[in-house]
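Here is a friendly walk through one model, starting where two chains meet and ending among the strands. Please have your viewer open as you read.

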Amino acid sequence: MMKVYIKAIAYNLPEKVLTNEMIAQEFPEWTVEKIDKKIGIKQRHVTVDGETASDLAIGAAEKLFANISYDRSQIDYLIFVTQSPDYHLPTTACTIQTRLGLSKRITAIDVNLGCNGFVAGLSLAKAVIVAGQAKNVLLLTGETYSKYMHERDKSNRTIFGDGAAATLVSTEGIAEVGEFVIGTDGTGAENLIVKTGGARHPQPAGDLKFDDFGNPRSSDNLYMDGPAILNYSLDSIPQLVEDVLEKNHVTMDDIDLHVYHQANTFLANLERRKLRISEEQYYCNIENFGNTVSSTIPIALCEAMKEGRISKGTKVLSVAQGLGYTWGGMVLFF
Amino acid sequence: MELKEFVERFAEEFDETPAEQFKADTVFKSLDEWGSLTALSIIAMVDEEFEKRITGADLRSVNTLEELYNLIQNK
């Protein structure tokens, strides 16, 4: 079977920064130290009005093209992973084709997935290359959950950051893309959801109320059932990791670096300890970015390469668990 | 894990509330520091120490630390 590689990765963040100091000022019941200790994110970038996920993704793609002096006319397939499309329709990827000046002889599709979006998008990119449909797939991930949040939602505003990444997937490159494990279980759909605004509930519900802890809950904003998501993540990660290792014919000892989707530093550390991975072999870097949803893994890969944590020969295991629920993982052979 | 040790372990998840405030009959939800973050810490602590799952609904269904301890034992 044809081998498929990641050729380059770049990322792009909005300029505006939301620090813990700013959050603590708005929510006096939370201190900077408490956010640091319990969540472990120090700052996150957020978009301003009129700045969208596609804008961020285009910025990431331009950086990627510039970094490796890439001739963009070679792109023959475009995937945009987002849950913050510019419009209900048309497909945002189609507008990106024009804005990036890509060839017209390409497929351009949006993929609506959250935290598992990079893994699933990469599996799709690999599939179209293996099938001979394309040679150079531009995989863009971009998310702006901040736009879905209620301003009094301190938990989600602390955890999530806006951001985008561009990953070029090709027939040659720096990391061979191994075998994928992907799973789905729609019973968790309501545990991380923006309920209104789609076809099922087109009108705003206007049902804002505050829970036991004073957190706002509204069908019109991003809602996350923290305990349910925490339990789902802890429950399913050991089997997911085992399945991905098995499918790639490697063992835990073969993996040099673990680069996972990081929901927040607190959960990342819980998962690391549960899987008995040493701190040295677990890459965690979201303290300055927040949970950028589908871009946490490519941003982490980018940073780990810059820091020299990944070099030729490094075997990287990546897994992600996301809303839907969907989850997945693969091994990257650098 | 004995109840006494559980109370101590529970108290460790709190930063601002003095450890001596935690007793078996403490109504933990009335503590100023109890909130969504501490709730997640407790769920995680129970996972690590007991290898058992408690839910948000479990936490809402009990009042004192002893009740929570018993709930975990019965899982």
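Contact here means heavy atoms within 4.5 Å. By that rule, 19 residues from chain A and 21 residues from chain B take part in the contact between them. Before going further, note that this is a predicted model, in which local features need pLDDT of at least 70 and side-chain atom pairs count only at pLDDT 80 or more, while totals for chains, interfaces and linings use all residues. Residues are numbered from 1 along each chain as its sequence is written, chains are lettered from A and ligands numbered from 1 in the order in which they are written, and side-chain values use heavy atoms, with hydrogens and water left out.

## Where the chains meet

The size of an interface is often given as the accessible area lost when the parts come together. Buried area is that loss, taken with a 1.4 Å probe and summed over both parts. Chain A and chain B bury about 1,800 Å² between them, and 56% of this lies on carbon and sulfur atoms. On the side of chain A, the residues that lose the most area to chain B are A:Lys34, A:Lys38 and A:Phe213, which together make up 32% of what that side buries.

Polar contacts come next: pairs of N or O atoms within 3.5 Å, where within protein one must be able to donate a hydrogen and the other to accept it, and residues adjacent in sequence count only if both atoms are side-chain atoms. Eight residue pairs, both partners at pLDDT 80 or more, are in polar contact across the interface of chain A and chain B. Helices and strands are DSSP runs numbered from the N terminus (H or I over at least four residues for helices, E over at least two for strands). In chain A, α2 (32-38), α7 (226-247) and α8 (265-274) each supply at least two residues of the side that touches chain B. The largest share of that side, six residues, comes from α7(A).

One residue of helix α7 of chain A to look at is A:Asn231. Is A:Asn231 buried or exposed? Buried means under 20% relative accessible area, exposed over 50%, and partly exposed in between, with a 1.4 Å probe and protein chains only. A:Asn231 counts as buried because its relative accessibility is 8%. Its contacts, leaving aside residues up to four places away in sequence, are B:Ile43, B:Arg53, B:Ile54 and B:Thr55. A polar atom of the A:Asn231 side chain lies 2.8 Å from the backbone oxygen of B:Ile54.

## Salt bridges

A salt bridge is a side-chain nitrogen of Lys or Arg within 4 Å of a carboxyl oxygen of Asp or Glu. The structure holds 23 of them over all chains, and five salt bridges are counted between chain A and chain B. Here are four examples.

| Lys residue | Acidic partner | N to O distance |
|---|---|---|
| A:Lys274 | B:Asp47 | 3.1 Å |
| A:Lys34 | B:Glu33 | 3.8 Å |
| A:Lys42 | A:Glu287 | 3.9 Å |
| A:Lys126 | A:Glu179 | 3.7 Å |

A:Lys126 sits in helix α5 (residues 117-130) of chain A and A:Glu179 in strand β8 of chain A, 53 residues apart, so this pair links distant parts of the chain. A:Lys126 is buried, at a relative accessible area of 9%, whereas A:Glu179 is partly exposed at 31%. Salt bridges that share partners also join A:Asp235, A:Lys274, B:Asp47 and B:Arg53 into one network.## Strands of chain A

Two strands pair if DSSP finds at least two bridges between them. Strand β8 (residues 175-184) of chain A runs antiparallel to strand β1 (residues 5-12) of chain A, joined by two bridges, and A:Tyr5 has A:Glu176 as its partner in β8(A). Seven bridges join β8(A) to strand β15 (residues 326-333) of chain A, again antiparallel. There, A:Ile182 stands opposite A:Gly328, and A:Glu176 is partnered by A:Phe333.

Strand β14 (residues 315-322) of chain A pairs with β15(A) in the antiparallel sense over eight bridges. Six of the eight residues of β15(A) are buried, so the strand is largely enclosed by the rest of the structure.

How values were computed. Buried area = accessible area lost by both parts, 1.4 Å probe.
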